[in-house]
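Reader: Hey, can you walk me through this one? I'm new to looking at structures.
Author: Sure, let's pull it up.

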Amino acid sequence: MTKTAVVTGASSGIGEATARRLAAEGYHVVAGARRRERLDKLAAEVPSITPFTLDVTSQESVDALAASLDRCDVLVNNAGGALGMEPVAESRVDDWQRMYDTNVLGTLRMTRALLPRLIGSGDGVLVLLTSTAGFTPYEGGGGYVAAKHAQSSMAGTLRLELVGEPVRVVEIAPGMVRSEGFAVTRFRGDATAASRVYEGVPDPLTSDDVADAIAWCVTRPAHVNIDRVVMRPRAQAAQHKVHRVSG
Ligand SMILES: NC(=O)c1ccc[n+]([C@@H]2O[C@H](COP(=O)([O-])OP(=O)(O)OC[C@H]3O[C@@H](n4cnc5c(N)ncnc54)[C@H](OP(=O)(O)O)[C@@H]3O)[C@@H](O)[C@H]2O)c1
């Protein structure tokens, strides 16, 4: 019996790497995101990946994905990201609304829609991609820190509420990951500002590093719940403590 894993935000970065890795682990992977052409390319490369056009901010879109599934053993709530680096006093309300809608309510919509199938699988795994921003604020983090705190608290609440059900709840909280889109989205398409985030940092985490951690968590025996993985590059000792070498 082939298990099914649903990965949101699979058109780029950590989600794409996770879709590839779970496919390599033998899962049938349903890869969801808005940019269908990127998903089609991924599915053409990896036959056990099924592309699905998904917007986690749309209940209709989430319901359509849920209705298309025969089963669901793993749900990776990865779709999300940051918008802006302004101090709170100068933040844009609509950025905060979008971040909350994607990172937090997107996770809620997907979890509500797929939880019955995760339970029905007899060994479901619910993964939430939060961040170290989910428990440590930083200047300019604003709405992203707030959204990731909310998403992180959801992981804890869900684990309490689901105790006794055959579902594990795993939180993956990375620090600095040089993914394809994260910093570019945060700086509204400004690639120069985005690359400054990683300037001089020897070896930030890669999307594959995070996918590796996710794959390890979901492939543990059914009774082993990895509550939370906090991972950073060796060059990042804490949110503010990043080793940079000048070039
Ligand atoms: N990079 C980091 O340093 C870092 C650190 C900690 C945590 N994280 C978290 O890791 C997750 C993945 O980020 P990443 O670094 O891989 O960034 P990324 O390369 O920008 O990927 C973000 C993914 O989310 C998808 N997405 C965004 N809005 C969506 C929506 N409304 N519906 C469906 N999919 C949506 C995007 O696809 P479409 O645009 O095609 O929809 C894309 O595939 C995020 O939750 C992020 O907060 C990242």
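Author: Just so you know, this is a predicted model. Let's start with Arg186, which lies in helix α6, residues 182-186.

Reader: OK, is Arg186 buried or exposed?
Author: Arg186 is buried, yet it has no salt bridge.

Reader: Huh. So how far away is the nearest side chain of opposite charge?
Author: That one is Glu86, and it is 7.8 Å away. A salt bridge would need the charged atoms within 4 Å, so Glu86 doesn't make one with Arg186.

Reader: Then what does the side chain of Arg186 make a polar contact with?
Author: With the side chain of Tyr138, at 2.9 Å. Arg186 also touches other residues further off in sequence, including Ala82, Leu83, Gly140 and Tyr144.

Reader: Switching topic: which residues are buried in helix α2?
Author: Leu39, Leu42 and Ala43, in a helix that covers residues 36-45. They sit on the same side of α2, because they cover an arc of only 95° around the axis.

Reader: And what's exposed on the other side of α2?
Author: Glu37, Lys41, Ala44 and Glu45.

Reader: What do the buried residues of α2 pack against?
Author: Helix α1 (13-24), plus strands β2 (28-33) and β3 (49-53).

Reader: Cool. Now the ligand: how many residues surround it?
Author: 31 residues do, and the closest are Ser11, Ser12, Arg34, Tyr144 and Ser179. A polar side-chain atom of Ser11 lies 2.8 Å from a ligand oxygen atom.

Reader: Which polar backbone atom is 2.9 Å from an oxygen atom of the ligand?
Author: One belonging to Gly181. For Phe182, a backbone N or O atom lies 3.2 Å from an oxygen atom of the ligand.

Technical notes. Residues numbered from 1 in each chain as written. Predicted model: local features only at pLDDT ≥ 70, side-chain atom pairs only at ≥ 80, totals over all residues. Heavy atoms only, no water. Helix = DSSP H or I, 4+ residues; strand = E, 2+ residues; numbered from the N terminus. Buried < 20%, exposed > 50% of the residue type's maximum accessible area, 1.4 Å probe, protein only. Lys, Arg positive; Asp, Glu negative; His and termini not counted. Polar contact = N/O pair within 3.5 Å; in protein donor to acceptor, adjacent residues only side chain to side chain. Contact = heavy atoms within 4.5 Å. Arc of directions from axis to C-beta. Near = heavy atom within 4 Å. Lists of a residue's contacts leave out its neighbours within four places in sequence.
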